[in-house]
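Student: I'd like to learn how to read a protein structure, one feature at a time. Can we go through one together?

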Amino acid sequence: MVKLIGCFLLCVVATRGVAIEISYAQLAMLQNEGEASLQMSALNHEVTDIWHQHLRLHRLAKSEVVSVNEQTWVSSLLSTEAILSVPNPDHPNQQLVVVDIAKQASAVKILWEMKSMAEDIERQWQYGSLDWKNVVLHQDKSRAMRWWLTTISTARAEQVAEHAIQQGIEYVSVNNAMLSALIQQSRSPVLMQYLWANTPDAFTYQVLQQVPNQLNEADAIEQLIVASRNQPLASQAIMLLAKHYSHNQKAQMFLQSALNDPQLQWLTAAAVGMLKDSQP
Amino acid sequence: MNTVLCLLLVLAASFGMQAYAQQFEYTNTQVGEGLIPLGYPVPIPVDSLTPIDGFRTYQALHLRHLQMSEQSATITRAQIGNTEYARSIWAYTLSDSNNHTESGALEGAALINGGIHAREWQSPEAVTGYMEYLFDHANDNYIAQYLLENLNLVIVPVLNIDGFIQTQRFPKQVTESATTPRDGRMRRKNMRDTDESLVTAFDNLNGVDLNRNNAPYWATNSQRSSGNVSSLVHHGSGPASESEIQALHQAAKLAKEDRLRFYTDTHSFTQIYFTPFTENPRRNDIAGRVATVMRAANNFKYDYGPSAAGGGIGATDEYFANTYQIPAYTLEIEPKTSGAEYGGFGVSHDGFILPGSEVARMRKETTMASLSGLYAMTEVPVLMSAQVWDASGENLVLSLRWQAESQSRVLQTLQSGELSSETDYQLHLTFNKPMRWLENGVLAPFPAVSEPLDIAIKLAGIANSSPVEWVLDAEDGEWRVSDNYHRYKTDTFVLPMRLPSAFNWQSHSLLFLEIDTHDFAGQKLDTNPATIPDWVDGGWQNYEDATGNASSDQGGVAKAMRFIDDGSDMYATSPPPSPPVTPPLPPSADTTGGGGSAGVIFVLIGLIGIWRTAISKSYGEDKQN
């Protein structure tokens, strides 16, 4: 009976977990020693238990096939308070969390679900039943689609982009996240035009920044000039033109005209005139 | 420097010591060997001069700073030093061209530092946001204009330029481990003895933590500061051994060291204001109060963490707090714990990678908070003038104004007349600063610190040898926002005024205004504007309270605005400080005095409640001056 109660308490503790502060030296020991030797180390067993959970979760996040037991185990960790932290180097009484098992378990579950949805998307694509409305309007499916796009070839991505233009532009064109994902994989100039015309957000700026790396010179200049017509994008587009294509006649002509445009004047002057003063 | 590194590389290679660092890469959701998924897009720096929802490249930030200084008469730049890689370090002064406040005091100075730790990208964006706000709102007749006209603000947008550029060169890559990532995107230190490659492992961990390189507690805490060059918190070879820290000292000189009264070093993350205490309790108290003001600006989402006097870790806030006895902070910008607060996976160190979609909001919130702190430290509030106009607003009846003359102020009577009973007037009170918080141009509470009205006004004095008091109903007045303010929105309070039939100007030997209010930072009025307040040795000098104490840092109820002056000592028989703002007292039927308790007052309220007019009168021993 006593043993049973003890086991029960131990299980509860294991499920609830504990927050433990370790030193940087102990963390280095965890990172450097193999799993087997950790069993023998002088570290507190609760610390090594959490580290083992951390390593296992790390492996499971990458797994292509997951057993029911593994799924159950990950689910059991979602509410654990098992945390490893190190002293925050900045402040005497603060810690910096380096391992948070519940958050890691949650991330693993999200990644599994995302991959599962991506497999559905792959099937729908293969069977020609991809429904853009369903994908774009469903947050998790949208995320899965964006992830799926990173796993396919450029040629396939171009086909998917064309499909989006033909079958789902009504939904795709107003969703900067989806447009960005499609553009990054397909480099579709048509979808870029939609993105530059939308109200910019964090996705837009990131895509625009990649234009010089993703397109040939002529196409990039064309896209940057179009983007510059959207006021919040103007500075970035002009600076990229000045930075990468100041040797190009078309870019030069555009920059010259921008210098005479009251809306773009100071942005252009700063980008062109002061570029030589800056110290990257 | 580069030559030395090349030599080291050659030596290392020739002795077979060349080691290649394992690299890891941050991703959104991609998993795999060497990948660290964050759960949100990994921001890459963007070449935009204008502020965006994202992080800007150093080059873009620098051009933006240059552009603002070129286009603004109130922003000037100065080179304050060079980095390890010989890049120029710049400081920007944001102030008008004179050294005096609009109320005649010598301007104080403030220094804000950004980008001391390379990986903390929130910092350069935040401090650039402060500059952009002041640039865009230089003529707003409100806080931006007030700060530019009354404070000498120096901002160093990026101190550790070499390190910052190194993190931006590798916006997704790190070395060492996923749990304790170093160099690349996670470089913290400067670039001493470090090349710009991640591949060569031998130098990736080198560099000096610039926030451990400072007196007076340099190398005194072995737990959070280290002599090991590869330590994350390596303190360098001596206090201020690093050229970047020497540049920061130059920035203090640029601001004028003897005028400094505020310092913030801007970091991320943990969403907190840290401040070191010193042996000066007045300074500590004010540092706490100003922290409250900055936290209030964002409804206290930021925490507060003071640390005890007498020890430290070699941080810059300790240097400024102890050297200059000023409120000095380490601001750790959001998040509080991790990227999980934005839907991310919460992996180790992801708090340093704020999602691009949060940057514009973060910039705005930190701007409002920092400007509020600067507002509190620029000046204490002073009632500068009082005017009584006739009801039409066309004829000035009475006008008093404090005029600065050298090191003091003199109360000047610009218009003298008499007030009559049963006559409508307008009372205009003008202060030296904006007094109320505005949100979208509308008066709003400043959370837990001030309410939109928060003012109590009386006329008090001696009539027929007895103390008298005429309570004015402040509810009928308003802080002027769109017009009729003096220089800044909400620097003027206008109140309709009508004195009852019992009022007789001629019977008074003393008649003055009694104003109980505070600025939106909660600072009460300087009770003696004749002596000009200044920041000296860790406290306010000449900031008199209700008893005339000039070193309590409290302020009090202003009574210096005398329409009829009998020459008596303002503080001779001062009552205790007034309680918080209360509804105006109705006039009293008891003209013989003796109403010395709250109970009596309530009885009087009941008896003559029907007299609820804007102006009332009461007599009582409890109201004696």
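Student: Which side chain meets Arg289(B) in a salt bridge?

Tutor: The general idea is that side chains of opposite charge can pair when their charged atoms come close. Keep in mind that we're looking at a predicted model. Here, Arg289(B) pairs with Asp285(B), with 3.2 Å not being the figure to look for but 3.1 Å from N to O.

Student: How many residues apart are Arg289(B) and Asp285(B) in their helix?

Tutor: They sit 4 residues apart in helix H7 of chain B, which spans residues 281–296, so about one helical turn separates them.

Student: How many salt bridges does the rule find over all chains?

Tutor: The count comes to 40 over all chains. Across the interface of chain B and chain A, the rule finds 2. A salt bridge also joins the side chains of Glu33(B) and Lys62(A), at 3.2 Å from N to O.

Student: Which element gives the most to the side of chain B that touches chain A?

Tutor: That's H2(B), with 10 residues. Helix H2 covers 58–71, and strands S9 (272–276) and S11 (328–333) of chain B also supply at least two residues each. By type, this side of chain B has 23 nonpolar, 25 polar and 11 charged residues.

Student: How many residues of each chain are in contact?

Tutor: On chain B it's 59 residues, and they touch 47 residues of chain A. Together the two chains bury about 4500 Å², and carbon and sulfur atoms give 60% of that area. Look for Asp47(B), Arg224(B) and Phe345(B): they supply 16% of the area that chain B buries against chain A, more than any other three residues. You can also hunt for polar contacts, since the rule finds 10 residue pairs of that kind across the interface, both partners at pLDDT 80 or more.

Student: Now for empty space. How much of it lies in the largest pocket?

Tutor: Rolling a probe the size of a water molecule over the atoms shows where empty space is left. In this model the largest pocket holds about 1100 Å³. Its lining has 41 residues, and the closest to the centre are Arg146(A), Phe203(A), Asn28(B), Tyr40(B) and Pro41(B).

Student: Which element gives the largest share of that lining?

Tutor: H8(A) does, with 8 residues. Other elements giving two or more include helices H11 (176–186) and H13 (202–214) of chain A, plus strand S1 (23–27) of chain B. The lining divides into 16 nonpolar, 18 polar and 7 charged residues.

Conventions:
Residues are numbered from 1 along each chain as its sequence is written. Chains are lettered from A and ligands numbered from 1 in the order in which they are written. This is a predicted model: local features need pLDDT of at least 70, side-chain atom pairs count only at pLDDT 80 or more; totals for chains, interfaces and linings use all residues. Side-chain values use heavy atoms; hydrogens and water are left out. On a 1 Å grid over the protein atoms alone, a cavity is a set of points where a 1.4 Å probe fits but cannot get out, and a pocket is an open set with protein on both sides within 12 Å along at least five of seven lines; lining residues have an atom within 4 Å of a point. Grid points are joined across faces, edges and corners, and a volume is the space filled by probe spheres set on the points. Ala, Val, Leu, Ile, Met, Phe, Trp, Tyr, Cys and Pro count as nonpolar, Asp, Glu, Lys and Arg as charged, and the others, Gly among them, as polar. Contact means heavy atoms within 4.5 Å. Buried area is the accessible area (1.4 Å probe) that two parts lose on being put together, summed over both. A salt bridge is a side-chain nitrogen of Lys or Arg within 4 Å of a carboxyl oxygen of Asp or Glu. A polar contact is a pair of N or O atoms within 3.5 Å; within protein, one must be able to donate a hydrogen and the other to accept it, and residues adjacent in sequence count only if both atoms are side-chain atoms.
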